[in-house]
Amino acid sequence: MIPSEGYEKTFSKRAHAEYFRLKKLSNSIELLNFPVPSEEAFLAAGKHIADHSDVIFAVWDGLPAKGIGGTADIVKYALSIGKQVIRLHTLKKNKHVYND
């Protein structure tokens with residue numbers, strides 16, 4: 001799911017390369033009809049993913065979203081439509097991932 005045209009411009013150089021590597025591995029790509037990256041596009045993409053998923057794995061620090069369409073917004077939405085959400089919290093210090 002790509003939220004908008006020009007989405008790749010939102011990444012750092014390092015993340016940009018990883019984005020294209022993962023995109024190349026995809027069997028199919030869905031592009032939402034937003035002309036530029038925006039909070040509304042990110043929210044729509046997150047809702048679309050939640051709508052079409054059985055389980056949501058959220059890599060999330062538990063903090064409120066920094067803008068519309070952030071992880072907190074998508075977790076809240078997914079829960080509101082009855083989706084199972086499994087939260088994976090990445091600890092910045094030692095980079096371990098656990099499920100709470």
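In the next few minutes I will walk through one protein structure, from its overall make-up to one pair of helices and two single residues.

Please keep in mind throughout that what we are looking at is a predicted model. The protein has 100 residues, of which 27% count as buried, and its secondary structure comes to three helices and three strands. If you follow the chain along the sequence, these elements appear in the pattern α-α-β-α-β-β. The C-alpha atoms fill a box of roughly 35 × 35 × 30 Å when it is taken along the principal axes, and the surface that the protein exposes is about 7,400 Å², with carbon and sulfur atoms supplying 56% of that area. As for how the chain meets itself, among the contacts between residues at least 6 apart in sequence, 62% join residues that are at least 24 apart.

Let me turn now to the helices. Two packed helices are described by the angle between their axes and by the distance between those axes. For helix H2, which covers residues 39-51, and helix H3, which covers residues 71-80, the axes come within 9 Å and cross at roughly 35 degrees, and the crossing of H2 past H3 is right-handed. Which residues make this contact? From H2 they are Leu-43, Gly-46, Lys-47, Ala-50 and Asp-51, and from H3 they are Asp-73, Ile-74, Tyr-77 and Ala-78. Sorted by class, the contact has five nonpolar residues, one polar residue and three charged residues.

Just beyond this pair we come to Ile-81, which is found in the loop between H3 and strand E2, the strand of residues 84-90. If we do not count residues up to four places away in sequence, Ile-81 touches Ala-50 and Asp-51, and those two residues also belong to the H2 side of the helix contact. Its relative accessible area is 36%, and because that value lies between 20% and 50%, Ile-81 is called partly exposed. Ile-81 and Ser-28 are 53 residues apart in sequence, and their C-alpha atoms lie 25 Å apart in space.

My last residue is Ser-4, whose place is in the segment before helix H1, residues 13-25. Is Ser-4 buried or exposed? Its relative accessible area is 2%, and since this is under 20%, Ser-4 counts as buried. Leaving aside its neighbours within four places in sequence, Ser-4 is in contact with Leu-31, Leu-32, Phe-34, Val-36, Pro-37 and Ala-41, and of these residues Ala-41 lies within the 39-51 range of H2.

Key. Residues are numbered from 1 along each chain as its sequence is written. This is a predicted model: local features need pLDDT of at least 70, side-chain atom pairs count only at pLDDT 80 or more; totals for chains, interfaces and linings use all residues. Side-chain values use heavy atoms; hydrogens and water are left out. Axes are lines fitted to C-alpha atoms, for helices over the stretch in contact, and angles run from 0 to 180 degrees between N-to-C directions. Helices (H or I, at least four residues) and strands (E, at least two) are DSSP runs, numbered from the N terminus. A crossing is left-handed if the near helix is turned anticlockwise from the far one by less than a right angle, and right-handed if clockwise. Contact means heavy atoms within 4.5 Å. Ala, Val, Leu, Ile, Met, Phe, Trp, Tyr, Cys and Pro count as nonpolar, Asp, Glu, Lys and Arg as charged, and the others, Gly among them, as polar. Buried means under 20% relative accessible area, exposed over 50%, partly exposed in between (1.4 Å probe, protein chains only). Accessible areas come from the Shrake-Rupley method with a 1.4 Å probe; for residues, only the protein chains shown count as cover.
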